[in-house]
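The following account is intended for a reader who meets this structure for the first time. Please keep the sequence and the three-dimensional view at hand while reading.

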Amino acid sequence: MNDEPDQAVSGPENRCFGCSPTNPIGLQLSFRTSGEQVEADFVGRDDHCGVPGVVHGGIVMTAIDEAMGYVIHSVADSISVTKSASTDFRRPVWVGAAHRVRARIDRIEGADVFVSGEVVDANGKICARGRAHFVTLSPERVKKAFGDRAAAAVRTVQAARPARS
């Protein structure tokens, strides 16, 4: 397991709700890569509640979606967007309790990437499990779809990535 967070996501341009360490209202997930999987520690806050004491399902889904997108970025070295996603909830994700979110790539078919992820509690019990279909984007397609600022951010992320061996 690489315990060092990916430096490409820590720059000032990154305002991502899921992984930016400087977004004060975000989840601030700091992913580590282990083989073909990524994971991050996750502790829901009081302002993430649905029912008092329980992390809102939309926040749980966001954490899983972020992990699934991040594994494509980290393992497949691609920028992607979510095309479709589903989440099954099995047990509450408690506010203030230690959880881990993790994801892996299930298969790649051209630009289509199929991934899965979950949130587990401190005992390793699955609280929520998700599956998604992502589509990878070239820097040119990012620029066309999202504009110059997003394209510049993609180039910054790609330039900051360490060379793969």
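The paragraphs below move from aromatic rings to cysteines, then to individual residues, and finally to salt bridges.

The model discussed here is a predicted one. A convenient place to begin is with its aromatic side chains. How many aromatic pairs does a search of the whole structure find? The search finds one. Its members are F31 and Y70, and because their ring centres lie 4.6 Å apart with the planes at 15°, the pair is classed as stacked. The two residues come from distant parts of the chain: F31 belongs to the segment before β1 (32–34), whereas Y70 belongs to helix α1 (residues 57–75), and 39 residues separate them. Both F31 and Y70 are buried. Another aromatic ring, that of F114, has a charged partner, for the charged end of R107 sits over this ring at 4.0 Å from its centre.

The cysteines come next. The structure holds zero disulfides. Why does C19 form no such bond with C16, whose sulfur is the closest cysteine sulfur? The sulfur of C19 is 3.8 Å from that of C16, which is too far for a bond; a disulfide would require the two sulfur atoms to lie within 2.5 Å. C19 has a relative accessible area of 8% and is therefore buried. C49, in contrast, counts as partly exposed, since its relative accessibility is 26%.

Attention now turns to the backbone. Q28 is not a glycine, yet it has a positive phi of about 55°. Q28 is located in the segment before β1, and its relative accessibility of 37% makes it partly exposed.

Two further residues illustrate how parts of the chain come together. A63 is found in helix α1, the helix that also holds Y70. Is A63 buried or exposed? With a relative accessible area of 0%, A63 is buried. Apart from its neighbours within four places in sequence, A63 is in contact with L27, L29 and V101. A63 and G117 are 54 residues apart in sequence, and the distance between their C-alpha atoms is 9.4 Å.

The second of these residues is H133, which has its place in strand β6 (residues 126–137). Its relative accessibility is 13%, so H133 counts as buried. Which side chain does the side chain of H133 meet in a polar contact? The partner is the side chain of D112, at 2.9 Å. When residues up to four places away in sequence are not counted, H133 touches V81, T82, K83 and S84, and also D112, V113 and F114. F114 is the residue whose ring lies beneath the charged end of R107.

The last topic is the pairing of opposite charges. The structure holds 10 salt bridges. One of them joins the side chains of D41 and R100, with a distance of 2.9 Å from N to O. This pair links distant parts of the chain, as D41 lies in strand β2 (residues 37–42) and R100 in strand β4 (residues 99–109), 59 residues apart. D41, at 45% relative accessibility, counts as partly exposed, and so does R100, at 32%.

E118 takes part in salt bridges with R102 and with R129. In the bridge to R102, the closest N and O atoms are 2.7 Å apart. Here E118 lies in strand β5 (residues 112–121) and R102 in strand β4, with their positions 16 residues apart in sequence. E118 is buried, its relative accessibility being 4%, while R102 is partly exposed at 23%. In the bridge from E118 to R129, the closest N and O atoms are 3.7 Å apart. Because E118 belongs to strand β5 and R129 to strand β6, this pair ties together parts that are 11 residues apart in sequence. R129 has a relative accessible area of 27% and is partly exposed.

Which residues are joined into one network by salt bridges that share partners? They are R32, E39, D41 and R100. The bridge between D41 and R100 described above thus leads into this network, of which both residues are members.

How values were computed. Residues are numbered from 1 along each chain as its sequence is written. This is a predicted model: local features need pLDDT of at least 70, side-chain atom pairs count only at pLDDT 80 or more; totals for chains, interfaces and linings use all residues. Side-chain values use heavy atoms; hydrogens and water are left out. Rings of Phe, Tyr and Trp (its six-membered ring) pair if their centres lie within 6.5 Å; planes under 30 degrees apart count as stacked, over 60 as edge-to-face and the rest as tilted. Helices (H or I, at least four residues) and strands (E, at least two) are DSSP runs, numbered from the N terminus. Buried means under 20% relative accessible area, exposed over 50%, partly exposed in between (1.4 Å probe, protein chains only). A charge sits over a ring if NZ of Lys or CZ of Arg is within 6 Å of the ring centre and within 35 degrees of the ring normal. Contact means heavy atoms within 4.5 Å. A polar contact is a pair of N or O atoms within 3.5 Å; within protein, one must be able to donate a hydrogen and the other to accept it, and residues adjacent in sequence count only if both atoms are side-chain atoms. A salt bridge is a side-chain nitrogen of Lys or Arg within 4 Å of a carboxyl oxygen of Asp or Glu.
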